Amino acid sequence: MSDPRAPHGDDDYSATVLGSHWITGPPSPEDAAPDRVEGSVLRFGPGVTAAMPAPFPLRPGAPAPVRRRGGGWRRYALAAVVLALVLAYLGWQRFGPGVAVRDAAVTTDPAGPGCDRAADVVAVVHTDGRPGTLTYRWVRSDGTRSEELTERVPRGREEATLHLLWTFRGTGRYAARAELRLVSPVERSAAVDFTYSCRP
């Protein structure tokens, strides 16, 4: 039987009684009952927004897509490899092989020192430019030798200059020989001969 309040010609019309929540305020979530269930979306009352569309259509019966795990690390793999190579290179530069000796030469004034003067014997050690420490000693032909001495070679310097001051006193003539003996990083020697001459 049609409702007498319905507009003429609309047999499907039915009056809707407003619930009390439209007067006293929205109900608590515990008391609210859904008007209808659409799939997994619950709709409460009129005016609710439409369900969010699926990010991509699913075929009927198709399994839900599975998100891969662990794929994010691949984005950083290249950067990690480059960083590791840079750190390895810096470590090799700092802690890798030390200074290497290419050659050594010893010189002094060929005329020799004057009476009661000192001969300045100079040794030049050529290196590869790496930082390190040279250990060496001087050996003289009068039977004396120095203790082990060290010379620090900084990075980028390709030679080290070592000096020996040999003092002579008295009159006469003496054929002298000064020898540099490298102990480390490699054993190597170089020498120079000169003559001390002092006439009375």
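I began with β4 and β7, which pair in the antiparallel sense over nine bridges. The model I am reading is predicted. I then looked up Ala119 and found that its bridge partner in β7 is Trp166.

**Sheet**

Next I traced the sheet around this pairing. I noted an open sheet of three strands in the order β3-β4-β7, with antiparallel pairing. β3 and β7 stand at the edges with a single partner strand each, so one side of each has no neighbour in the sheet. I also took down the average turn of neighbouring strands against each other in this sheet, direction ignored: 15°.

**Core**

I turned to the nonpolar residues. The largest nonpolar core has 25 residues. Within this core, the residues with the most contacts are Val106, Val121, Trp138 and Leu180. I checked which strands supply this core: β3 (101-107), β4 (118-127), β5 (132-140), β7 (159-167), β8 (172-184) and β9 (188-198) each give at least two residues. β9 gives the most, with five residues. I add one general remark: in soluble globular proteins, nonpolar side chains tend to be buried together.

I followed Val106 further and listed what it touches, leaving out residues up to four places away in sequence. The list holds Val121, Val122, Ala123, Trp138, Ala178, Leu180, Ala190, Ala191 and Val192.

**Aromatic rings**

I searched the whole structure for aromatic pairs and have six of them. For Phe168 and Tyr174, the ring centres are 6.2 Å apart and the planes stand at 45°, so I entered the pair as tilted. I looked up how accessible the two residues are. Phe168 has 7% relative accessibility and counts as buried because the cut-off is under 20%. Tyr174, with a relative accessible area of 29%, is partly exposed.

Phe168 also forms an aromatic pair with Phe194. This pair is edge-to-face, with 5.9 Å centre to centre and 90° between the planes. Phe168 lies in the loop between β7 and β8, and Phe194 in strand β9, so the pair ties together parts that are 26 residues apart in sequence. I noted that both Phe168 and Phe194 are buried.

Last, I asked which residues the ring pairs link into a cluster with Phe168. I wrote down Trp166, Tyr174, Phe194 and Tyr196. Trp166 had already come up as the bridge partner of Ala119.

Notes
Residues are numbered from 1 along each chain as its sequence is written. This is a predicted model: local features need pLDDT of at least 70, side-chain atom pairs count only at pLDDT 80 or more; totals for chains, interfaces and linings use all residues. Side-chain values use heavy atoms; hydrogens and water are left out. A nonpolar core is a set of buried Ala, Val, Leu, Ile, Met, Phe, Trp, Tyr and Cys residues joined through side-chain atoms within 4.5 Å. Buried means under 20% relative accessible area, exposed over 50%, partly exposed in between (1.4 Å probe, protein chains only). Helices (H or I, at least four residues) and strands (E, at least two) are DSSP runs, numbered from the N terminus. Contact means heavy atoms within 4.5 Å. Rings of Phe, Tyr and Trp (its six-membered ring) pair if their centres lie within 6.5 Å; planes under 30 degrees apart count as stacked, over 60 as edge-to-face and the rest as tilted. Two strands pair if DSSP finds at least two bridges between them. Axes are lines fitted to C-alpha atoms, for helices over the stretch in contact, and angles run from 0 to 180 degrees between N-to-C directions.
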